[in-house]
Amino acid sequence: MDSKPKNREWVKNAAIIFLAVLLVLTFFSNTIMNRSLPEVATQNVSSGSITAKVRGTGTVTATGTHSVKAEQTREIRAVMIKAGQTVEAGDVLFILGEGESSEIEQAQEALRQLQVSYQRGAISVPSVSYKADEHEIERAKELLAEAEAELEAIKKKSTREIPSEQLNAAKTDVFQAKQNLEQAEKELTARQQTLESRKIDRDALLSLYNDKLNTAYDRVQEQEYWVERYEIELNDAQGVEPPGRIAELQEALSKAREALQEAKQYLSALQEPESQKEITEAEKAVQAAQEAADEAAAARQDAVTALAAAEAKVEAVQAVIDEIMGTETVSAEYKEAKQKVRNAEDTLFNLQNSLEQKKISDSKSQALSYLDLSDIGQQIEKAKQRLADLSGGEENQILAKVSGTVQSVECTAGETKAKDDVLATIEVPDMGYTLSFTVTNDQARRLKPGDSATVSNYYWGSQITATLSSIRTDPKNPQTNKLLTFDLEGDVSAGSELTISVGQKSANYDLVVPNSAIRSDANGKFVLKIEAKSSPLGNRYIARRVAVEVLAEDDMYSAVTGDLSGWGDYVITTANAPVKNGDMVRLADNG
């Protein structure tokens, strides 16, 4: 019986100990869990001003470089420069040795062949002589003179002098009369066209006037019809129709009489001379054009008459000549002598024309020959120069054509370089230096060419000045990026890597967060906002992802847009362990 109370006591004590341990574990669970969570530092979202800066890093390049190239295959006997050395225009860069023996032999053979070609061409130049042709021409002139003398002698046999001058004068009159007739016909044609145009204008005005007149007549007849009709109806209605109907007929009759009066007045106005003024003027214009056409016709007829008279005069003079030359003997001798003159003239013309064409052909042949010789001569001079260059000697040097700094040397002494091989590259500082890097389209929209920039990672030497010179589409990312190019001045050299900042005036923004709070992944930029939740054991803090867009940034802060409040939200800036959306964290201030 004594053992049962003792067992109950033991169970009671065990239960008390268990509950005590459970209470201690529950009390310290919050602290234990907090110690296992990532510790984060936070900062509240605020409003404020941001001076936007666009930053980028690039490599300095010289705006101008000059490549020193070999003008022919040559041995580099001595290299007089090294990379980084400053040279002036005219300085000796390389001393050349002799060219390859095979090239010299080829140059000598090429020169020999060109010289032979020149000699052959000189021998082949056509020589010309025109003595035989000129002799034939002189003989033809003599024959023509003899034929003309014979013709004149026959003319003198005539008992009467042939009126050649009168015939020529009459023919001149015929020519002038034909020109006068042609001019008169042109004038007549022009005036007839003007007359037709005036008639068309007049007929159009008459047609329009007649249409108006016919319309006016129709209106008068129509209104007369209605007046007559209303009068008849009014007479028939007296004593039959009610007073209201009679009043309607009287009003209709009154209006019809008024309309009739207006139509008659309009018709009368159309018949007035003032309404026909345009037609009268058009008719006068037609009459004037008709008179001008009649004058032109009369002038043409006078020209026809004058031409007929001139032609009759020619016929009369020709009849006199025919009468003088009417005898059979004189006529036959005259015709024969006249034919000899014509034959002699044709022969002389053919000989002179043939000589002229021959001279033109010979001149072209000689010019082509001399042109070929000139071309071969120029080739010979070039071949001689090439042979001299390949022959070598200490005097053969390559000189600097520009002043600058040797960027690289691409050959060594004793090496043979082929034509157009690059021997060295000279950086030309007088042409300046540039630096380029890419930015987003949004960043580029805040800038403009001419903006001044600062170099943020250059702390030695004289100050470097950077100016934005151009904003162009980035060829690698044309849809999203722009390429910024800066002109640099100061103590700078090609190959240096510089970081440049360029920005604009400050602006106020509603949501401003530290730069350290902004994160990014494949889905874009975001911040982790602290979200507090109450629990029986105290507040719990959860990191929530909020997507943001960066509007502007400076060295410490960024202006953003997103689902944030500028007066109560906190964002994570740093953490002692990776934090992702939905993770519970502990605040650094909470210890």
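The paragraphs below go through a predicted model, from its overall make-up to selected strands, rings and charged pairs.

Because the model is predicted, local features need pLDDT of at least 70 and side-chain atom pairs count only at pLDDT 80 or more, while totals for chains, interfaces and linings use all residues. Residues are numbered from 1 along each chain as its sequence is written, and side-chain values use heavy atoms, with hydrogens and water left out.

The protein has eight helices and 22 strands; these are DSSP runs numbered from the N terminus, helices being H or I with at least four residues and strands E with at least two. Of its 591 residues, 30% count as buried. Buried here means under 20% relative accessible area, exposed means over 50%, and partly exposed is in between, with a 1.4 Å probe and protein chains only. The accessible surface comes to about 37700 Å², and carbon and sulfur atoms hold 50% of that; areas are from the Shrake-Rupley method with a 1.4 Å probe, and for residues only the protein chains shown count as cover. Among contacts (heavy atoms within 4.5 Å) with a separation of 6 or more, 78% join residues 24 or more positions apart.

Asparagine 44 gives an example of such a long separation. It belongs to strand β1, residues 39–44. Its C-alpha lies 7.0 Å from that of glycine 568, although 524 residues separate the two in sequence. Beyond its neighbours within four places in sequence, asparagine 44 contacts Val512, Asp569 and Tyr570. Asparagine 44 is partly exposed, its relative accessible area being 35%.

One open sheet contains four strands in the order β8-β7-β5-β10, with antiparallel pairing. Its edge strands, each pairing on one side only, are β8 (397–399) and β10 (416–417). Two strands pair if DSSP finds at least two bridges between them. Strand β5 (residues 74–79) and β10 have two bridges in the antiparallel sense, and arginine 74 stands opposite lysine 417 of β10. In the loop between β5 and β6 (86–87) is methionine 80, which is partly exposed at 42% relative accessibility. Methionine 80 joins Val92 and Leu399 in a nonpolar surface patch of about 230 Å². Patches are made of residues with over 30% relative accessible area and no salt bridge; like charges are joined within 9 Å, and nonpolar side chains (Val, Leu, Ile, Met, Phe, Trp, Tyr) within 5 Å.

A pair of aromatic rings is described by the distance of the centres and the angle of the planes. Rings of Phe, Tyr and Trp (its six-membered ring) pair if their centres lie within 6.5 Å; planes under 30 degrees apart are stacked, over 60 edge-to-face, and the rest tilted. A search of the whole structure finds three aromatic pairs. Tyrosine 225 and tryptophan 226 form an edge-to-face pair, at 5.3 Å centre to centre and 70 degrees between the planes. Tyrosine 225 is partly exposed at 45% relative accessibility, and tryptophan 226 is partly exposed at 27%. The pair of phenylalanine 437 and phenylalanine 486 is stacked because the ring centres are 5.4 Å apart and the planes are at 25 degrees. Phenylalanine 437 lies in strand β11 (residues 422–440) and phenylalanine 486 in strand β14 (residues 481–489), so this pair ties together parts that are 49 residues apart in sequence. Phenylalanine 437 is buried at 6% relative accessibility, and phenylalanine 486 is buried at 0%. Tyr225, Trp226 and Tyr230 form one aromatic cluster.

Side chains of opposite charge can pair when their charged atoms come close. A salt bridge requires a side-chain nitrogen of Lys or Arg within 4 Å of a carboxyl oxygen of Asp or Glu, and by this rule the count is 23. Aspartate 521 and arginine 545 form one of them, at 2.5 Å from N to O. This pair links distant parts of the chain, as aspartate 521 is in strand β17 (residues 519–521) and arginine 545 in strand β19 (residues 540–553), 24 residues apart. Aspartate 521 is partly exposed at 36% relative accessibility, as is arginine 545 at 30%. Salt bridges that share partners join Arg229, Glu233, Arg245 and Glu248 into one network. Within it, the closest N and O atoms of glutamate 233 and arginine 229 are 3.1 Å apart. These two residues are four positions apart in helix α4 (residues 164–237), which means that about one helical turn separates them.
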